[in-house]
Each structure stands twice: as structure tokens, then as C-alpha cells.
Amino acid sequence: MVASAPSGVRQQGVSRFVWPIGFVIVIGLLFYFYHNLLPNLQNNVASDITAWLPLSTLNESMVWVIMALGLNVVVGYAGLLDLGYVAFWAIGGYAAGWLMSQPWAYSATFHLLAPPSVTKAQGIHVTFWLVLIVAGFVCAVAGLIIGAPTLRLRGDYLALVTLGFGEMIGQVAKNGNVFGVNLTNGDTGIPVIDPIGTGPLGNIKGIPKQLGAFDDTFKLLVLAALAGVCLFISLRIRDGRLGRAWLAIREDELAASMMGVPVMKAKLAAYATGAFFGGLGGVGFASAITGNVASSRFDFSVSITVLLMVVLGGMGNVWGVTIGAIVLSWINATGLNQLGVQYDQWTGFHVGDKFKQNQYLLFGLVLVLMMLFRPGGFIPEKRTMKLMLTPSRTEAESLGADISEAEAEDDLSVVEEAEHGEVLKK
Amino acid sequence: MIEAPSTASPAASEPPIDELIASNWLYASHITIRFGGLVAVSDVTFSIPPKSIVSLIGPNGAGKTTFFNVITGLYAPSEGRIFFRGADITAVKPHLRAAGGLARTFQNIRLFNLMTAEENVMVAMHSKLKSGMISTVIRTPRQRREEREARDLAHDLLRFVGIGKVAGETARNLSYGDQRRLEVARALALAPKVLLLDEPTAGMNPQESAVFNDFVHRVRDEKDVAILLIEHDMSVVMRVSERITVLDRGEMIAEGSPDEVRNNPRVIEAYLGTSGAEQSRDKS
């Protein structure tokens, strides 16, 4: 034990620098590859790569990583099952819609560090970077408002109420009209969201002044940076006063409150942190991926998909969740379609599009298999792994005599078998 | 046959309530708890003087644990008030009572099983630490110092209860006795003034129970706390307690020193039944 403590500290010290550097290198290489190498590659190689791993899918997966990390704080760290996480994606998206769009139902004009293409346009145009922060905090406040009445509930009840809130936000978005004010423009949605401005960086040669439809490579950098910030916050917040309180609540809420942990406050903090990430993801998605906000995107299946990423990746494990989000969003956006196309090519059938159509059937199957054979996820959290691999000592010892008896019997049967074998040999 | 002071008629000689509130670290005045039509605890007045070791005993279903839960704030009393170090805490939430220095352990151990012993203790320091979300993410020097000090304190507490060597071990892997000790260390991390131990020797073997006596005294003397025990094991109760309160069917039937309680006919009756009480009277 004495030896393990310093080694643990050293490991922590190393990994503190290893992962950010590794992350930057991986993203840098991806950027270099897509920005500099891919346009110069031979046609058939390049088309294969753009078919199997298009940059747009990679960008989208970064948004999913942000969302999954946010939900992981709520579900993985604090153990609160939230089935309505899409609400925060929607609120983040609409925050972007309100603060950085062409006018859709209003006539105000306001500019704040807007990117060059819209400096003369009508409507409210605030720079992406500021909207990110605003949307994050708006979502955090929304999380507090939604959480305050609901987080008193436990387990299944909480899940049901969060599900309801997720649906409500979706319906409000679809309806559009809130007390006579057109907030969301209903089904049509908010058509054009401003591109990301690069500010002073835009003066450097080779960097566009704003990231339009054809600057996916730079969007990768922006979204990956956001995901990196979320990773950083996730990892750090876990190892502190609040992270410990969350784990304690996950394990035993009553005992935690008896040890002076303000359970409601800690749960609200988890909810608000998760919502903050949701806001970042929502703005990133609206501005960099779709360029519009449409209510049809915010339905229940999104909540379930994000939850699936968290559960399959490994609840509570930041890296598991990140990989889960990347893999699942790839399967969603490209993998299934591409497999279908490939299948058709090999077999000559025309059933490829069925792959994508049945994605939730497939996800369900994968989930069942995972729960059977690897219930902790791809990369289970350290603690969950312990729970699954070793029986609790007190539990096992409460059986005490039975276990030793069973072992004795086992030993006996081994001896018998051995003797039997020897007899046979003779 | 010593006649023990009965609680039936003490009102006349009782000092004024203000004095009782001020002179006791915990004073529960005329507590009644009803669950529907059932009266679980009826008009019990109970005090814990500074740095004392007092016990609450009684046969099964006497209302000991219910009373305990009222003190820690899990139930609100139907009638009566609770004062902790001079302040009325009847309406104060459980986690604030804990943060204010009213710590407890659990009858059936409730540790945070997947966390290490050290982390278990550090969770209880939550109310003592100050760093918020942002300073944790940035890791300000103050936050790092606070964490380091908290960890050192946790190690001190673990050593104090005698399990310093397993600080990095997951709580669920500890032996039963060590888990009980860890619960005490965790409760002590709240820097309590009153420590409530709910059947601390349950499941311990006779040797462990024997050591327990010294342990309780050491905790009281070195950590400057008053201790309330709920206990089934009579030999432990009689040895360790300075004052014993006996509950039976929700009512306080006796209070006094171990010797007084031991010889109180109502206590004997409650524990052994009427015929048992007669037999024991015949013997003495």
C-alpha cells in the first residue's frame, strides 16, 4: 500500500501531460491529413477515405463527444439517470439561433464582433466564441431550473420526469409560439446561423476569416478544441471536492447526506455542469455542422443515442465515453450506410439501405450483448471494474463457512479425480 | 435492592430548561414520534453532557433507532424540540446537522464501497473544504493545498482508528472490523462534538468488543467529543457507559449509572419479562 501511493501520484503527474499532448498530436495529424494530404491523393484512394471517414462525420463526432461527456457528468459521475438530455442540446442550438442568425421573425439589428460576411446584414450577429459562453451558462441555468424540482426524485422517477422535460422542450420548439412570441420558428426552424469567425487569427496567411461551408478542416480544429476543453473539465472536476461528493451520492445518497454532503446542491451542480456541456455542443452543432436550427432534430432518439454512447463507452470513464461517442456517431452517420453499400457491392443484392433503417434494432442488439458480456462498457471505469471482477469481501465472508465447505469439496473431488486417473493409468 | 431513580416523577426537581440546553451538548426535550397511529417514541427527554459517554438501550422495537434518526434529522419529531450546543436544530436539515458537528455511524455499515478508505474519509470533509467548481478545474494553489491538507488529515484519522495501512484500499475490500473502524474515522472527519454510534460492536467477536471499550474512551479523550451508543451487547454497555437510558415500547423507563440501571426492576422486567424478573428477584 505504501508503495502504491507514490506510484499513483507519479502516474497522475505523467498522464496530466500525456493526454493533452496526445490529443493535440492526434487532432493535428488529422488536420494535416485532411487539409494538406487528402486533396493531393490519387482519386480512388481519396474517394475511399472520404466515403468511409468523411471529415463532416469526424466533425459531427466531436459534437457528440461533447454531449456524451456532458451526460457522463450526470449519469456516470453522479449516477442520475437523465433521459431528456436533448433539451440542453436544443437550448444551446436555439441560443445560437437567437444570437447569431439572419432575421426570421424579428427586425432588430445588433452586431458584436460578427464575422465579415454578416457585418452589414440585418439581425442579431454575435461572435460564435461569445455565444458559446452565453449558451453554456443559459443551459446551466436551464439545468438548475429543470433540476430543482426534479432532482428530489430518485431512480426511475427521476428518469421519467427528465424524459418528460426533454419531450416538453422538443414540443415547445416544434410549436414555436411561446406566449405570443415566436421563439423557435416552429418546424421551419431558424434557417441560417452565422459561420464561425476566426477573429485576429484570420489575418494569418492560410486561415480563412470565417469558417464557411468548405472549411471543414478548420471546423475540426474548433470542435476538437471544444471537446478537449470538455475532456479537461471532466477529468479535473472528478478529482476534487465536488467529484468525491458525486461519487459518494452515486454510492449511497443517505450516507452522503449524513456525512455533511449537501445532496441537492451537489446533484444540481452535476446537472448544471452537464447542461453547460450540452450548450457548448448545441452551439457547435448549429454553427459548424448544420448551419441552421430545426426542431425536428431534437427528439427522444437523440437523448437515447447520447445515453447509449455513455453506457457503451463505460459510464464514468471519460476515455471510454469519448471513444463510445466517436464510434457510435461514426456508425450513425457513415458506418451503416457504407457497410450497406459495401454489402450490396459484394452480394449484388439491394438491401444496403436496410442497414441504416434498422440502426436502432442493431443498437438494441449491441446493447443487450454488451450488458451480457461487458456490462461496464468498452472501457469500464476503474471502480465499476472492481465491482464486477471481485466479490465484495464482507459479502463473501458472510457466507464464510459455506465457501470453505464448497472449496473443501472441490479439493476432495480433485483428489478423487486424480486417484481415479491414477487407477486408470495403472 | 437499590431503587433506581425513575423518570416518572422528575419534573419537580428538574432545573430550568435554559440551563439544561446550555449545559448539555445535546438536549432533546419531550420527543414524541408517531407513525400514523403508532407511537414509536413517546415523550422522551434525553441529554448528552459535554464529553460524556452515554448509552441508549432497550429490547427490540423499543424505539432506539427511531430516536436516533430524529436526532440526526432523518425524521422530524411529531412533538418536542432538539437543541445542539445551545441552538435549536429541530428544523435543521440532516447534512447541516452533520456539518455542524453531529456525526453518526450506521448499524449495518454504509460506506462508499467503491471508494478508497482515504476517499471515504475525505467525503466527510466536504463541508470543511471550500474550493468550488472553477478552482477545482483550474487547480489553484489554494485548492491544491486544501486537497493536500485534507488528505493528510484523512491519513491521520485512519491511523488514529488503527487502519492507516489500508488508506489506499477500496472500502469494500476491508475486513469487517476495519470497515467499522473506517466508519468511525469517516464520522470523525466531520470534527464532531457529538458522535452517535449505532450498534458499533454488532458482528464483532469478544476480543474486538473488549478492545472497543478502550477505543471509545480514546476517541472521547483525544477528539473531545461526547458519544452516544446504541448497543445490544450488555457487557459492552455496562463497561463503557457513564450513563444509560433505557427505552421500552417508546417510553423511557429508566436512566442512571450502569449499576442503577442493572438493578432497576422495570429494566429487568422489560428485558426478561415479568416471570424472569421475579426469578431474578428471588435469586438476589
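## Sheets, domains and contacts in chains A and B

Let's begin in chain B, where six strands make an open sheet with mixed pairing, in the order β6-β7-β8-β3-β9-β10. Its edges are β6 (102-104) and β10 (251-256) of chain B, each of which pairs on one side only. From one strand to the next, the twist averages 20°. Please keep in mind that this is a predicted model.

Within this sheet, strand β3 (residues 53-57) of chain B runs parallel to strand β8 (residues 226-230) of chain B, and 4 bridges join the two. If you would like a spot to look at, V54(B) stands opposite L228(B) of β8(B). A helix also belongs in this picture: α8 (residues 206-223) of chain B lies across β3, β7 (194-198) and β8 of chain B. Its direction is about 150° to β8(B).

Chain B has a second open sheet, this one of 4 strands with antiparallel pairing, in the order β2-β1-β4-β5. Here the edge strands are β2 (38-48) and β5 (87-88) of chain B, each pairing on one side only. Strand β1 (residues 26-35) of chain B pairs with β2(B) in the antiparallel sense over 7 bridges, and F35(B) stands opposite L38(B) of β2(B). Across β1, β2 and β4 (79-84) of chain B lies helix α2 (residues 64-72) of chain B, running at about 120° to β1(B).

Now for the domains. Chain B is divided into domain 1 (1-101 + 193-284) and domain 2 (111-191), and the C-alpha centres of these two domains of chain B lie 29 Å apart. Where they meet, 10 residues of domain 1 of chain B are in contact with 9 residues of domain 2 of chain B. On the domain 1 side of chain B, the elements giving two or more residues are α3 (94-99) and α8 of chain B. The most comes from α8(B), with 3 residues; this is the helix that lies across β3, β7 and β8 of chain B.

Chain B also touches chain A: 32 residues of chain A are in contact with 38 residues of chain B. Several helices of chain A give two or more residues to this side, including α1 (4-37), α7 (216-238), α10 (263-290) and α15 (382-389) of chain A. Which element of chain A gives the most to the side that touches chain B? That is α8(A), with 7 residues.

Finally, a helix pair inside chain A is worth a look. The axes of α11 (residues 300-313) and α12 (residues 318-347) of chain A come within 7 Å and cross at roughly 130°, so α11(A) and α12(A) are oblique to each other. The crossing of α11(A) and α12(A) is right-handed. Among the residues making the contact are L308(A), M309(A) and L312(A) of α11(A), together with V321(A), I323(A) and L328(A) of α12(A).

The table sets out the residue classes for the three contacts described above.

| Contact | Nonpolar | Polar | Charged |
|---|---|---|---|
| Side of domain 1 of chain B that touches domain 2 of chain B | 6 residues | 2 residues | 2 residues |
| Side of chain A that touches chain B | 17 residues | 6 residues | 9 residues |
| α11(A) with α12(A) | 8 residues | 5 residues | no residues |

Note on methods
Residues are numbered from 1 along each chain as its sequence is written. Chains are lettered from A and ligands numbered from 1 in the order in which they are written. This is a predicted model: local features need pLDDT of at least 70, side-chain atom pairs count only at pLDDT 80 or more; totals for chains, interfaces and linings use all residues. Two strands pair if DSSP finds at least two bridges between them. Axes are lines fitted to C-alpha atoms, for helices over the stretch in contact, and angles run from 0 to 180 degrees between N-to-C directions. Two residues are in contact if their C-beta atoms, placed from the backbone, lie within 7 Å. Domain bounds come from an automatic or database domain assignment. Ala, Val, Leu, Ile, Met, Phe, Trp, Tyr, Cys and Pro count as nonpolar, Asp, Glu, Lys and Arg as charged, and the others, Gly among them, as polar. Angles under 35 degrees count as roughly parallel, over 145 as roughly antiparallel, 65 to 115 as roughly perpendicular and the rest as oblique. A crossing is left-handed if the near helix is turned anticlockwise from the far one by less than a right angle, and right-handed if clockwise.
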